[in-house]
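I opened this one to see how its strands go together. Here are my notes, in the order I looked things up.

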Amino acid sequence: MCVGLPARVVTIKDGMALVDASGARRAVSAELIDELDPGDYVMVHAGMAIAKITDTDDNEMDDILEDL
């Protein structure tokens, strides 16, 4: 099973994004997503931002993970 986690983009530099996932920050590749800005939300899998999502999607995912 593959799991992607939502994260908020903090900074972007040279194709890499620093993201914050519930307080845990890490650098991930942002090469797959055009027009990514700080403050955007992304789905992260295997060290890569794979899709842009909304903050509503992020909140819904947080609720689901808390229930688990």
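**Strand pairing notes**

I began with strand 1 (residues 5–13) and strand 2 (residues 16–21): they run antiparallel, and five bridges join them. Keep in mind that this is a predicted model.

I picked T11 and looked for its partner across the way; in strand 2, T11 is bridged to L18. Next I checked how strand 1 gets to strand 2. They make a hairpin with two residues between the strands, and D14 has a positive phi there, near 55 degrees.

Then I moved on to strand 3 (residues 24–29). How many bridges join strand 2 to strand 3? I found six, and these two strands run antiparallel. For one pair across them, I noted D20 opposite R25, with R25 in strand 3.

I looked at that turn too. Strand 2 and strand 3 form a hairpin, again with two residues between the strands. In the turn, S22 takes a positive phi of about 55 degrees.

Last, I went back to strand 1 to follow its pairing with strand 4 (residues 41–45). Four bridges join strand 1 to strand 4, and the two run antiparallel. Which residue in strand 4 is the bridge partner of A7? I wrote down V42.

Notes: Residues numbered from 1 in each chain as written. Predicted model: local features only at pLDDT ≥ 70, side-chain atom pairs only at ≥ 80, totals over all residues. Heavy atoms only, no water. Pairing = 2+ DSSP bridges.
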